[in-house]
Structure formats: structure tokens, C-alpha cells
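Me: I'd like a close look at one part of this model, with the surroundings brought in wherever they help. Keep the cut-offs explicit, please.

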Amino acid sequence: MIRDSLGRELRDLRISVTDRCNFRCSFCMPDGHQYEFFPKEEILTFEEITRVVKVSKSLGVRKVRITGGEPLLRRDIEKLISMISPFVEDVSLTTNGFLLKEKASSLKEAGLKRVTVSFHSLRDEVFSALVGRSVRVAHILEGIEEAIKVGLTPVKVNVCVVKGINDDEILSIAKFFKDMGVVVRFIEFMDVGNLNGWSLDKVVSAQEIVNTIAQHMKIRPIGRSYRGETALRYVYEDDGREFGVIASVTQPFCGDCNRLRLTADGKLLTCLFATDGHDIKKLLRMGASDEELAEFIVEVWQGRKDRYSEERLLLLQKGSVPRKVEMFKVGG
Ligand code: SAM
Ligand code: SF4
Ligand code: SF4
């Protein structure tokens, strides 16, 4: 087990397998920009990713999350999952759900344990406006149902709440997924990247989200289930089902942050709000040994002192927010 300069253990690895996406969510990758994607030869191969997983495991990583961009766009993603799943206890994937219905079964067969599906509205027009593409909510729901059917469970749903856009649906979304037995996590709109027009007044705080639900249903906080978990959890008193809020803006949790991120082009990032990464691809392609890769990861992790969410307000006040790597490149 290794610790960073603030004493935080390395536990989770988030792997972005592509920076491409079939959606253009306004809070992540807004339409109307000319995006440049990594050229194919810069993207890590499955063998290279698997080596990073294997070495990370030897350093204490227990969980891997596959993300992107949209990870289901990466060709043969099932193959990667089958290559890495022997090394880690828990392999999960975050998806926008568009391709989930057709892929759920093969993902399960490949060894994927669970999925998190991003889902932002029960109304077709609002959903489509938020994701920048014409999408039928029913289609995403079919993907979620298929994931439950094949056992990619517990399926979780991430809702990015943006003031004035989908905050009037907090209660209906909570009830809808409670009835379906799916755990929802409402995420505070974050200032990831530089393009999403974020401002503090567009954030609906986790407390406001919880209050909205508490006005209609009896709920009880149950805290985090393990150190480093991002969600603050609540249960509904009537059926014991659960929902969570991810309060990275109003109640930052940097003190327990144990996540390392690997970008599709082979950079290690030590924070979602990082300004730059550490190039592990160079080592991989120079023929470095597992020991050399491990040394590199240890050095990166031990040098880590990120706590952006705890510093955010101060940086905003000083007008010195740095230029960050975009979310679809970091891997959320
Ligand atoms: N494309 C996949 C998806 O949308 O689930 C995986 C990558 S996406 C970057 C990972 C997660 O980040 C999604 O749940 C998405 O809703 C969330 N996200 C993106 N931009 C966000 C923002 N500005 N604030 C809060 N959550 C955000
Ligand atoms: Fe794509 Fe996910 Fe970003 Fe939306 S949040 S643009 S689906 S990567
Ligand atoms: Fe971790 Fe960075 Fe988020 Fe803090 S801001 S919790 S260090 S990813």
C-alpha cells in the first residue's frame, strides 16, 4: 500500500478508454466546439492498459472503473474487461447508457461486475437538451433494465443536477428509481474542464437535494460505506432502499480521495481537476519492466498533494482557477 503526501492510500484506478463520445452533454463536452481527439496511435492498447492494472494491483489498487468519454464506443471493450478482471476484485463501468442494451450481456460475460448509468431527466426534451443529442429516455431505461437482467448489479444511476434545467425533477427521479430498486446518486454540477460555463449559482447543493426529497419521504443518513467513497448515502425509511448525493462542491471529500486516473493516451492524473498528467505511455513503449512502472506510479502517487475541491472557493475568490484537463479526457 502506498500513501501520498497527505497520507491518502492508493485504492482505486479509473481508466478512460477513449476521449470520444456520442453525446455532447452541456456540463461536460458542450456542443458547438471543435474537439480534437487523441490520434489512434496515441491511445493505449489493451495490453498496455492491462499492464498498468497489473502493476497498480501490486501497489494496493482494489477497484477499477472503466470510463471515458463514452467507454462503450471503444471497440472490443469486452476484451479489455476480460483481460483486466482476473487482476482486480471489482471492475465497474460508467456509461451514458446509449449502447448498454445491446452490450450488457457481453459485458457481463467478459467479467464486468456492475455498471453506473448517467441519466439526467425523465423527459425526452430535457434529456436530449442536456446531452446535446436526440435521445429517448425509454431507450436508456431499456439499457438499465437489461443491465439488471443480466446481473450487472447493483446498477447505479448518476444524475448531474443543473439549476434551472433538471432540478425540478429531483423528486420524480428519486421516486422513479426507488420503485425500480436502482440506487441514484445526485451529483452537484462541477467545474470540470474549462468549457461547461460553470458558475456557483448553477449548483444545486447536496443539502438542497436532500431537503427536496425529505419534504416528501422519510429518509435517514447512513454516511459513506467505506473510506474514500464519494457519495453520502441515505435510506428511505419505508423500504430501506438507498440514494446518495455527491457533494464535491459544497462538502468536498479530498481528505479521503484514493483515486488515480489513467487517460486514454496514457497519462496518470492524480485529480479530476488536474492541469496535467504524468506520461506512463512513454515508459510502456520504451520497454520498461514492471518494477520500473511500479516505481513511476509510486513516485507520482507519493508526490500527490491535490485537494482542488477544498481549495475551489479560495481560487475562485482570487480569480486564479487554473486551466484544467477536460472531463471527457480525464475520465469522470
Ligand atoms: N460517458 C460516460 C457517462 O456519461 O457516464 C462516462 C464518462 S462521464 C465524464 C462520467 C460522469 O461524469 C457521468 O456520470 C457524468 O454525468 C458526470 N459528469 C460529467 N460532467 C459533469 C459535471 N460538470 N458535473 C458533475 N458531473 C459530471
Ligand atoms: Fe459524453 Fe459522458 Fe461527457 Fe456526457 S458526460 S459528454 S456522455 S463523456
Ligand atoms: Fe480527489 Fe481532486 Fe476530487 Fe479532491 S478534487 S476529491 S483530490 S479528485
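**A tryptophan and its surroundings**

Reply: Let's start with tryptophan 198, which is in contact (heavy atoms within 4.5 Å) with Phe189, Met190, Asp191, Val203, Val249, Arg312 and Leu316, leaving aside its neighbours within four places in sequence. Before going on: this is a predicted model, where local features need pLDDT of at least 70 and side-chain atom pairs count only at pLDDT 80 or more, while totals for chains, interfaces and linings use all residues. Residues are numbered from 1 along each chain as its sequence is written, chains are lettered from A and ligands numbered from 1 in the order in which they are written, and side-chain values use heavy atoms, with hydrogens and water left out.

Back to the tryptophan. Trp198 belongs to the loop between β6 (183–188) and α7 (206–214); helices (H or I, at least four residues) and strands (E, at least two) are DSSP runs, numbered from the N terminus. Is it buried or exposed? Tryptophan 198 counts as buried because its relative accessibility is 14% (buried is under 20%, exposed over 50%, partly exposed in between, with a 1.4 Å probe and protein chains only). For a sense of distance, serine 248 is 50 residues away from tryptophan 198 along the chain, and their C-alpha atoms are 14 Å apart.

One of the contacts, Leu316, leads straight to the surface. Leu316 joins Leu200, Leu313 and Val321 in a nonpolar surface patch, whose accessible area adds up to about 300 Å². Such patches take residues with over 30% relative accessible area and no salt bridge, joining like charges within 9 Å and nonpolar side chains (Val, Leu, Ile, Met, Phe, Trp, Tyr) within 5 Å; areas are Shrake-Rupley with a 1.4 Å probe, and for residues only the protein chains shown count as cover. Leu313 sits in helix α10 (residues 308–318), and leucine 313 is classed as partly exposed because its relative accessibility is 43%.

Past that helix, in the loop between α10 and α11 (327–330), comes proline 322. Pro322 is partly exposed at 29% relative accessible area. What does proline 322 touch? Not counting residues up to four places away in sequence, Pro322 meets Asn194, Thr275, Tyr308 and Leu315. With Asn194, the C-alpha separation is 9.2 Å, although the two positions lie 128 residues apart along the chain.

Tyr308 also turns up around ligand 3, where the shell (a heavy atom within 4 Å) consists of Phe253, Cys254, Cys257, Arg259, Arg261, Cys271, Leu272, Phe273, Arg304, Asp306, Tyr308 and Ser309. Helix α10 supplies at least two of these residues, and so does β10 (259–262). By class, the shell has 7 nonpolar, 1 polar and 4 charged residues, with Ala, Val, Leu, Ile, Met, Phe, Trp, Tyr, Cys and Pro as nonpolar, Asp, Glu, Lys and Arg as charged, and the others, Gly among them, as polar.

Now the charges. The whole structure has 29 salt bridges (a side-chain Lys or Arg nitrogen within 4 Å of an Asp or Glu carboxyl oxygen). One of them pairs arginine 307 with glutamate 311 at 3.2 Å, N to O. Arg307 is partly exposed, at 31% relative accessible area, and Glu311 is also partly exposed, at 30%. Then there's a network: Asp4, Arg8, Arg304 and Asp306 are joined by salt bridges that share partners. Two of its members, Arg304 and Asp306, are in the ligand 3 shell as well.

Further along, helix α11 brings in a long-range pair. Aspartate 19 and lysine 329 form a salt bridge of 2.6 Å, N to O, through their side chains. Asp19 is in the loop between β1 (12–16) and α1, Lys329 is in α11, and 310 residues separate them along the chain. Both ends are tucked away: aspartate 19 is buried at 0% relative accessible area, and lysine 329 is buried at 15%.

For contrast, take glutamate 237 and arginine 220, whose side chains meet in a salt bridge at 3.5 Å, N to O. Glu237 is in the loop between β8 (232–236) and β9 (242–246) and Arg220 in strand β7 (residues 219–223), so this pair ties together parts 17 residues apart in sequence. Glutamate 237 counts as partly exposed at 42%, and arginine 220 counts as partly exposed at 40%.
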